[in-house]
Amino acid sequence: MPSILKAEDVCFSYTRATVLDHISFDIQSGDYVGLIGPNGGGKTTLLKVLLGLEKGQGKISLFGTPLSEFKDWQKIGYLAQKSPVSQTRFPISAEEVVLMGLPSRHGADVSRAELKEVHAAMQQTQTREYAGRIFQDLSIGQQQRVLLARALVSKPQLLILDEPSTALDAGSRDMFFDLLGRLNKQDGVTILLITHDTGEVGKHISKFMYVDKNLVFFGTKEEFCHSPEVAKKLGPFAQHTIDHLHNHHGHCPLGAACEECKHD
Amino acid sequence: MIENFLSYNFVQCGLAAGSLVAASCAVLGVFLVLKRLSLIGDGMSHVCLTGVAVALLTSTSPVYMSIPVVAVASLGIMKLTQKFRIYGDAAIGIVSAAGISVGLLITALCGGFNTELLSYLFGSILTVTWTEVALCAGLLVLVVGGILFFYRDITATCFDEPFAHTRGVCTERVNTALVLITSVAVVLSFKVVGIFLISALLIIPPVSALLVSHTFKQVLWRAVIFSVASVWLGVFVSFLIDIPSGAAIILVNLLCLAGCYVWLKWRNAHGR
């Protein structure tokens, strides 16, 4: 499998505190990686460094190209933890927000083809009905779905999502994770997702990455769920995550494929 | 009376320059207000004092002397926020204080306040020359051309800078261009409304337009209309009742803002 996102010895620190300490991993095409870890463990900072939003040390390559030379940004869809909502009423429609996800070009006009792509992405996230409404007038959950449409509109090969489901109601969350699961399985989209919602999303995730300043664990879901050594090494937070993965909806997220649970 | 008013060469000159810088400031102000950088105009205007004082000391043109001084100060504000992680408003406060103190020091060294300096502090729209009108026209062409050409990059950067970066937009370049053009607009505005009131031209028309507009393009157009109308009305009122034109322009802008607010309340109350 070709490497999609590779980090080698990535470090980052604010003036005094070290946030990321020599993190290395290789995410391959088709992976669906759940990035987990305690609050303040550096998950969001890691995503920002990977995207060049914060300047860290170490080597990062996207689709085999060093970050500093990377130009094919339409291959990446990004959804941040915080919605870009401010107190100022930015008079921009949901449709215009999604349009921002298409590759940048000169001029203010919008072509028919671009509008078609925008509407298709909004259809995917069930936000087509809000197309003409002012973005800031939407609820936080509706805004989050519009922002997901913005991340999807360029048909990315890599989706990087920072706790995207926090503001969503149960129905929207199911739709959200089902959509991500479909994009991963049917279209082969590689996903890197920060989440605390390991129960529901655990059904789709293929690999876990556990970050607490260091990269403590990076491996398959099976290794993560059924390795007592891993649980012991990772401490109470990881044990809680593993319990959550097992107990959510009363069954193991690995389903019938899980050898361990058959013996329970 | 209006024909008589418009027949003077200095009035034509003043109105032309005033309209051109008002339009430029309105367009730039929309982006600055939405980026929460509206006070950068205030900081830059205070730095103008240094530029004007140096120009008076060296007997050079205050406009040409102030442009590089204010441009360097605006880049200083950006560096303070980016490199040293100082909050934007604090960075503006630091540069603004430095601008005033250096300006006052130089003024004191060359004999204190004189009439020429006071005319820059409070504005003297009727002393604008046709060369300055040409400069203002160039500024407007640069602002409108730049906004139209880079419309998507600029709106994306103002709306959501991190996301714009992940679309390949060089957000640092967009921000630098925005503050550099604003610094030129600020310098060209100080004859129109005076150093003390420049920031009002950058803030009040966009805020009024934001209150009564539904789309981003509406905001841009309405801010320009409010701003240019306030210059014409302000200059006319100052001519009629002999009051400082800069103050009159800003008071008209404030009345416009109040009117927009009342209209917004009325519209909300009647569900329109």
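This is a walk through a structure with chains A and B, starting with some strands and ending with salt bridges.

Before we set off, a word on the model: it is predicted, so local features need pLDDT of at least 70 and side-chain atom pairs count only at pLDDT 80 or more, while totals for chains, interfaces and linings use all residues. Residues are numbered from 1 along each chain as its sequence is written, chains are lettered from A and ligands numbered from 1 in the order in which they are written, and side-chain values use heavy atoms, with hydrogens and water left out.

Let's begin in chain A with its strands. Helices (H or I, at least four residues) and strands (E, at least two) are DSSP runs, numbered from the N terminus. Two strands are said to pair if DSSP finds at least two bridges between them. Find strand 1 of chain A, residues 3-13, and follow the chain through a hairpin of four residues into strand 2 of chain A. Strand 2 covers residues 18-28, and seven bridges join these two antiparallel strands. Strand 1 of chain A also pairs with strand 4 (residues 57-62) of chain A, again in the antiparallel sense, over five bridges. A good residue to look at here is L5(A): opposite it in strand 2 of chain A stands I27(A), and its bridge partner in strand 4 of chain A is L62(A).

Next, look at helix 1 of chain A, residues 43-50. How many of its eight residues are buried? Buried means under 20% relative accessible area, exposed means over 50%, and partly exposed lies in between (1.4 Å probe, protein chains only). Six of the eight are buried, so by this definition the helix is mostly covered. Those buried residues are K43(A), T45(A), L46(A), L47(A), V49(A) and L50(A). Just after helix 1 of chain A comes G52(A), with a positive phi of about 80 degrees.

Now move to chain B. Its secondary structure comes to 13 helices and zero strands. Of the 272 residues in chain B, 52% are buried. Contact means heavy atoms within 4.5 Å. Among contacts in chain B between residues at least 6 apart in sequence, 75% join residues at least 24 apart. Chain B exposes about 11,800 Å², and carbon and sulfur atoms supply 72% of that; accessible areas come from the Shrake-Rupley method with a 1.4 Å probe, and for residues, only the protein chains shown count as cover.

One residue of chain B deserves a pause: T166(B), in the loop between helix 9 (161-165) and helix 10 (171-189) of chain B. Is T166(B) buried or exposed? Its relative accessibility is 0%, so T166(B) counts as buried. Leaving aside residues up to four places away in sequence, T166(B) touches L51(A), W73(A) and Y78(A). A polar atom of its side chain also lies 2.7 Å from the backbone oxygen of F163(B).

What about the interior? In soluble globular proteins, nonpolar side chains tend to be buried together. A nonpolar core is a set of buried Ala, Val, Leu, Ile, Met, Phe, Trp, Tyr and Cys residues joined through side-chain atoms within 4.5 Å. The largest one here has 125 residues, of which L159(A), L180(A), F31(B), F190(B) and I249(B) touch the most other members. Helix 2 (residues 9-34) of chain B gives the most to this core, with 17 residues. A second, separate core has 32 residues, including L47(A), I60(A), I76(A) and I194(A). Back in chain B, the neighbours that I249(B) touches include I125(B), V192(B), L201(B) and V235(B), not counting residues up to four places away in sequence.

Our last stop is the salt bridges. A salt bridge is a side-chain nitrogen of Lys or Arg within 4 Å of a carboxyl oxygen of Asp or Glu, and the structure holds six over all chains. In one of them, K75(A) meets D72(A), with the closest N and O atoms 3.6 Å apart. K75(A) is partly exposed, with a relative accessible area of 23%, and D72(A) is partly exposed too, at 33%.

Another salt bridge joins R152(B) and E114(A), at 2.8 Å from N to O. This pair crosses between chains, from helix 8 (residues 151-159) of chain B to helix 3 (residues 112-124) of chain A. Both R152(B) and E114(A) are buried.

Finally, the side chains of K35(B) and E161(B) meet at 2.9 Å, N to O. The pair links distant parts of the chain, 126 residues apart: K35(B) is in the loop between helix 2 and helix 3 (40-58) of chain B, and E161(B) is in helix 9 of chain B. K35(B) is buried at 17% relative accessible area, whereas E161(B) is partly exposed at 29%.

Definitions and conventions
A polar contact is a pair of N or O atoms within 3.5 Å; within protein, one must be able to donate a hydrogen and the other to accept it, and residues adjacent in sequence count only if both atoms are side-chain atoms.
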